[in-house]
Amino acid sequence: MTELLFRDDGYLRSCAARVAGADGQGIRLDRTVFYPTGGGQPGDSGVLRLRSGETIAIVDAVKGDTLDEVVHVPVAGAALPEPGVEVNAEIDWERRHRLMRMHTCLHLLCSIVPGAVTGGQVSDGRGRLDFDVPGSSLDKEGLAARLNALIAEAHPVGPRWITDDELAAQPELIRTMSVKPPTGMGRVRLMEVPGVDLQPCGGTHVRNTAEIGPIAVTKIENKGKQNRRVIIAFAD
Ligand SMILES: [Zn+2]
């Protein structure tokens with residue numbers, strides 16, 4: 001089990017940790033700031049810095065066998081550290097911050113398009129959501145204007161925890177059909193933009209919508225009878 005520090009503070013760039021194990025899959029730490037791929041958000045890259053001064057480049061982070069385990073994937077050919085070794089785990093913050101901005105923006109997009117979300121993906125500088133909406137009711141300029149207004153209004157963004165049972169009693173909170181909410185630990189984390197969006201999410205977000213910066217809707221694709229893919233990108 002890994003202590004998931006990014007879950008309480010998405011702004012942590014590094015942490016001291018101890019190697020719990022290392023094998024062909026990657027390196028496990030007792031605690032980490034690396035977000036593992038999941039919920040449409042890519043895993044972090046970065047570096048593990050050893051006391052000796054040596055560094056191990058981490059190219060990806062993925063979930064392990066259990067719910068609370070993160071596997072840090074080292075660059076090919078890297079020498080694996082021994083269990084017990086102390087390291088400083090440091091993420092590529094510039095990239096992570098762009099992912100946080102885009103991820104948070106997808107929550108805003110979700111809030112202004114009615115209909116179930118059937119898929120989604122955050123990538124560096126871009127993001128997309130697929131909606132189950134009929135016809136061609138979405139327009140690029142209109143969506144972009146509403147998104148940029150929500151961004152400029154500087155809404156606070158924060159977590160709220162509820163129990164698995166409370167979530168089960170409010171299934172309407174689940175907007176994204178393709179991503180299962182992170183239940184099974186007794187409690188579920190909701191991501192809230194008060195008055196705008198509230199839904200289960202285990203990803204990392206910025207603290208305020210203003211931090212997202214201006215965006216553009218680059219494309220609306222027709223991906224089938226009731227499936228519209230909205231692709232957004234940073235405008236700056
Ligand atoms: Zn989220």
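A residue counts as buried under 20% relative accessible area, as exposed over 50%, and as partly exposed in between. The views below show a predicted model.

**View 1. Arg18 in strand E2 and its surroundings.** Arg18, which lies in strand E2 (residues 14–22), has a relative accessible area of 40% and is therefore partly exposed. Not counting residues up to four places away in sequence, Arg18 touches Arg28, Leu29, Asp30, Gly84, Val85 and Glu86, and the side chains of Arg18 and Glu86 are joined by a polar contact of 3.2 Å. The C-alpha atoms of Arg18 and Pro83 are separated by 7.6 Å, although these residues stand 65 residues apart along the chain.

**View 2. The zinc ion and its four donor atoms.** His103, His107 and His205 each coordinate the zinc ion through NE2, and Cys201 does so through SG, at 2.0 to 2.1 Å. Because the angles subtended by the four donor atoms run from 102 to 124°, and four donors count as tetrahedral if all angles lie between 85 and 135 degrees, the arrangement is tetrahedral. Along the chain, the donors follow the spacing H-x3-H-x93-C-x3-H. His103 belongs to helix H2, whereas Cys201 sits in the loop between strand E13 (197–200) and strand E14 (215–222), so the pair ties together parts that are 98 residues apart in sequence. His103 and Cys201 are both buried.

**View 3. Helix H2, from its start to its end.** At the start of H2, the backbone nitrogen of Glu94 has a side-chain oxygen of Asp92 within 3.4 Å. The end C-alpha atoms of H2 are 29 Å apart, which agrees with the 28 Å that its 20 residues should span at 1.5 Å a residue. Since 17 of the 20 residues of H2 are buried, the helix is largely enclosed by the rest of the structure.

**View 4. The largest nonpolar core, with Ile232 and a separate core.** This core has 50 residues, and those with the most contacts inside it are Leu48, Leu109 and Ile232. Helix H2 (residues 93–112) supplies the largest share of the core, namely ten residues. Apart from this core lies another, of five residues, among them Ile162, Leu167, Leu173 and Leu190. Ile232 touches residues including Met102, Cys105, Leu106, Leu147, Ile215, Ala216 and Val217, where residues up to four places away in sequence are not counted. Gly125, Arg126, Gly127 and Thr218 are also among the residues that Ile232 touches.

Conventions
Residues numbered from 1 in each chain as written. Predicted model: local features only at pLDDT ≥ 70, side-chain atom pairs only at ≥ 80, totals over all residues. Heavy atoms only, no water. Core = buried A, V, L, I, M, F, W, Y, C linked by side-chain atoms within 4.5 Å. Buried < 20%, exposed > 50% of the residue type's maximum accessible area, 1.4 Å probe, protein only. Helix = DSSP H or I, 4+ residues; strand = E, 2+ residues; numbered from the N terminus. Contact = heavy atoms within 4.5 Å. Donors = N, O, S within 2.8 Å, 3.2 Å for Na, K, Ca; no water. Tetrahedral: all angles 85-135°; square planar, octahedral: opposite > 155°, others 65-115°. Polar contact = N/O pair within 3.5 Å; in protein donor to acceptor, adjacent residues only side chain to side chain. Expected span 1.5 Å × (residues − 1).
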